[in-house]
Amino acid sequence: MVEYAERVRGALLGGSLGDALGWPIEFDQLEQIRQRFGPDGLTDLRAAGRGGQVTDDTQMTLFTAEGLIRGRADGAQVPVAMHQAYQRWLLTQNQQGPEAVPPTPPNDGWLLRQPFLYASRAPGNACTSGIAHHRTYRRPAPFGQDGPINPNSKGCGTVMRSAPFGLARLGVEWSFWLSAQCSQLTHGHPTGYLAAGAFSALIERVTAGVPLSQAVTETIEQVAAYPSSEETVEALRRAVRVAAEGVPSAEAVERVGLGWIAEECLAIAVYCALAGRSAAQALVLSVNHSGDSDSTGAVCGNLVGALYGEAALPAEWLAVVEGREVVTQVADDLVAAFGGNAASLGDRYPA
Ligand SMILES: [Mg+2]
């Protein structure tokens with residue numbers, strides 16, 4: 001049995017590996033990828049040619065973890081803390097580096113001082129516009145009275161940042177609900193936030209040691225109980241169906257989806273985790289297609305990292321991925337914050 005802390009590290013590091021592996025081919029068609037890297041596509045992070053760079057998916061995931069840690073004292077206040085954490089993320093996309101941001105509240109904390117997070121790597125429009133829309137927190141519909149933010153947006157920017165909700169051992173109902181509510185800070189379409197809620201609950205189940213296929217079945221039942229969940233449920237069922245057909249392939253991935261939209265991004269990650277026989281095989285499968293390779297890679301990496309643990313991730317890729325030490329520290333901080341060892345957080349996360 002893989003230990004909890006090992007799964008949390010695996011989830012965050014695995015996400016960064018998939019993000020880095022997919023980033024060089026995010027906007028390429030499958031045919032172009034095969035012409036460039038050979039018939040099997042891009043199969044090794046060291047061959048990817050971008051020095052292991054990570055993108056907005058990893059960057060925002062770290063700020064999601066920060067929001068959870070800083071807001072942990074009062075669960076009802078987590079969306080407020082998350083709003084502030086995403087405001088800090090937006091600063092990283094608008095400023096040259098930490099030296100341009102005076103470390104005064106709410107722009108305090110250790111994470112905002114990390115220079116590599118200031119790289120702008122094709123962040124999603126709904127994420128930047130949604131966060132820029134409100135300087136102070138206002139509870140978005142349908143959980144509040146204010147109108148939905150980006151009501152037609154169901155891009156994968158919700159799913160790709162939401163693994164940490166499932167790593168904090170909040171209980172699958174609460175991790176689902178918090179994840180879905182915080183997704184509405186940027187995406188108002190039900191599929192955008194329900195797919196993220198489902199992903200977080202799935203991560204929580206896998207992190208607790210529930211076998212993957214059972215965890216997927218339970219998560220489909222959970223999300224199906226919500227109104228407007230049809231697209232998410234259908235995409236997840238499609239992932240299970242295609243995975244049962246046999247030999248994994250890029251063509252099979254593309255029958256599950258392309259991953260630009262939330263439910264397809266989640267479904268591709270689930271397909272690849274079910275079909276792949278190892279973390280590395282699932283990661284390779286998750287990025288070699290004509291869709292949103294860095295986000296499908298990041299979400300699949302979160303999932304297989306939680307499933308198999310840090311030790312099962314390719315060591316040669318971990319050696320070159322950007323931000324490994326910070327990602328590892330944040331994983332350990334999540335474990336400490338929600339495992340009764342908050343003293344070890346030091347002053348990295350002001351309340
Ligand atoms: Mg990205």
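This report covers a metal site, three helix pairs and two single residues in a predicted model.

## Magnesium site

Four residues coordinate the magnesium ion: Thr55 through OG1, and Asp56, Asp57 and Asp294 through OD. The coordination distances run from 2.0 to 2.4 Å. Along the sequence, the donor residues follow the spacing T-D-D-x236-D.

Aspartate 56 and aspartate 294 link distant parts of the chain. Aspartate 56 belongs to helix H3, residues 56-70. Aspartate 294 belongs to helix H14. The two are 238 residues apart. Both aspartate 56 and aspartate 294 are buried.

## Helix H8 against H14

Two packed helices are described by the angle between their axes and the distance between the axes. Helix H8 spans residues 190-207, and helix H14 spans residues 293-308. Their axes are 8 Å apart, at an angle of about 20 degrees. Angles under 35 degrees count as roughly parallel, so H8 and H14 are roughly parallel to each other. The crossing of H8 past H14 is right-handed.

On the H8 side, the contact uses Phe199, Leu202, Ile203, Val206 and Thr207. On the H14 side, the partners are Val299, Asn302, Leu303, Ala306 and Leu307. By class, this H8 and H14 contact holds eight nonpolar and two polar residues, with no charged residues.

## Helix H8 against H12

H8 also packs with helix H12, residues 262-275. Their axes come within 8 Å and cross at roughly 25 degrees. That angle makes H8 roughly parallel to H12.

From H8, the contact residues are Thr191, Gly192, Ala195, Ala198, Phe199 and Leu202. From H12, they are Ala262, Glu263, Leu266 and Val270. The H8 and H12 contact has seven nonpolar, two polar and one charged residues. Phe199 and Leu202 of H8 meet H12, and Phe199 and Leu202 also meet H14.

## Helix H1 against H16

Helix H1 covers residues 4-22, and helix H16 covers residues 324-338. They pack at an angle of about 140 degrees, with axes 9 Å apart. Roughly antiparallel requires an angle over 145 degrees, so H1 and H16 are oblique to each other. H1 passes H16 in a right-handed crossing.

H1 contributes Tyr4, Ala5, Val8, Arg9, Leu12 and Leu13. H16 contributes Arg324, Val327, Thr328, Val330, Ala331, Asp332, Leu334 and Val335. By class, the H1 and H16 contact has ten nonpolar, one polar and three charged residues. Arg9 of H1 takes part, as do Arg324 and Asp332 of H16.

## Serine 162

Serine 162 sits in the loop between helix H5 (125-133) and helix H6 (163-167). Its relative accessibility is 1%, so serine 162 counts as buried.

Leaving out residues up to four places away in sequence, serine 162 touches Ser179, Ser183, Ala196, Phe199 and Ser200. Phe199 thus recurs: this residue of H8 meets H14, meets H12 and touches serine 162.

## Proline 105

Proline 105 is in the loop between helix H4 (78-94) and H5. With 65% relative accessibility, proline 105 counts as exposed.

Proline 105 and proline 350 are 245 residues apart in sequence. In space, their C-alpha atoms are 8.9 Å apart.

Terms used: Residues numbered from 1 in each chain as written. Predicted model: local features only at pLDDT ≥ 70, side-chain atom pairs only at ≥ 80, totals over all residues. Heavy atoms only, no water. Axes fitted to C-alpha atoms, helices over the stretch in contact; angles between N-to-C directions. Helix = DSSP H or I, 4+ residues; strand = E, 2+ residues; numbered from the N terminus. Parallel < 35°, antiparallel > 145°, perpendicular 65-115°, else oblique. Left-handed = near helix turned anticlockwise from the far one by under 90°. Contact = heavy atoms within 4.5 Å. Nonpolar A, V, L, I, M, F, W, Y, C, P; charged D, E, K, R; others polar. Donors = N, O, S within 2.8 Å, 3.2 Å for Na, K, Ca; no water. Buried < 20%, exposed > 50% of the residue type's maximum accessible area, 1.4 Å probe, protein only.
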